[in-house]
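Welcome, and please open the model in your viewer. We will begin with the whole chain and then work inwards, one selection at a time.

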Amino acid sequence: MKLNLLSCESQRPDKRAIANCITEISSNIDAPLSIELTDFLLEGDPIAIEVADKNFSSALRSLRKLAIDYEILD
């Protein structure tokens, strides 16, 4: 499944927690790339990631905990 991460609505976003979450839930993103993508997300640019089907519900839960708005693409 593909997700489009739109923005982070948190007052004080935890950059490290967001990067770790992206690394854990995505099927093809490593730690350095997740840090770079986190920077883009916090600047207001949407990013697209692919999530394994078996981790999909836990991925959505993790994103909600971090106050990240997302849309499901596929």
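**The whole chain**

Colour by secondary structure, and you should find 3 helices and 3 strands in the chain. Keep in mind that this is a predicted model. Followed along the sequence, the order is β-α-α-β-α-β. The radius of gyration is 11 Å, close to the 11 Å that the globule rule gives for 74 residues, so the chain is as compact as a globular protein of that length. Along the principal axes, the C-alpha atoms fill a box of roughly 30 × 20 × 20 Å. Of the 74 residues, 32% count as buried.

**Helix H1**

Next, select H1, residues 15–25. Show the side chains of Ile18, Ala19, Cys21, Ile22 and Ile25, which are buried. Now look down the helix axis: these buried residues fall within an arc of 160°, so they line one face of H1. What do the buried residues of H1 pack against? Add strand S1 (2–8), H2, strand S2 (47–50), helix H3 (56–65) and strand S3 (68–72) to the view, and you have their packing partners. Then turn to the face of H1 that points away from the buried side, where you will meet the exposed residues Arg16 and Glu24.

**Ser26**

For the last stop, select Ser26, in the loop between H1 and helix H2 (31–43). Is Ser26 buried or exposed? Its relative accessibility is 10%, so Ser26 counts as buried. The side chain of Ser26 reaches the backbone oxygen of Ile22 at 2.7 Å. Leaving aside neighbours within four places in sequence, Ser26 is also in contact with Ile49 and Glu50.

Notes:
Residues are numbered from 1 along each chain as its sequence is written. This is a predicted model: local features need pLDDT of at least 70, side-chain atom pairs count only at pLDDT 80 or more; totals for chains, interfaces and linings use all residues. Side-chain values use heavy atoms; hydrogens and water are left out. Helices (H or I, at least four residues) and strands (E, at least two) are DSSP runs, numbered from the N terminus. Buried means under 20% relative accessible area, exposed over 50%, partly exposed in between (1.4 Å probe, protein chains only). A polar contact is a pair of N or O atoms within 3.5 Å; within protein, one must be able to donate a hydrogen and the other to accept it, and residues adjacent in sequence count only if both atoms are side-chain atoms. Contact means heavy atoms within 4.5 Å. The arc is that of the directions from the helix axis to the C-beta atoms. The radius of gyration is taken over C-alpha atoms; the globule rule is 2.2 Å times the number of residues to the power 0.38.
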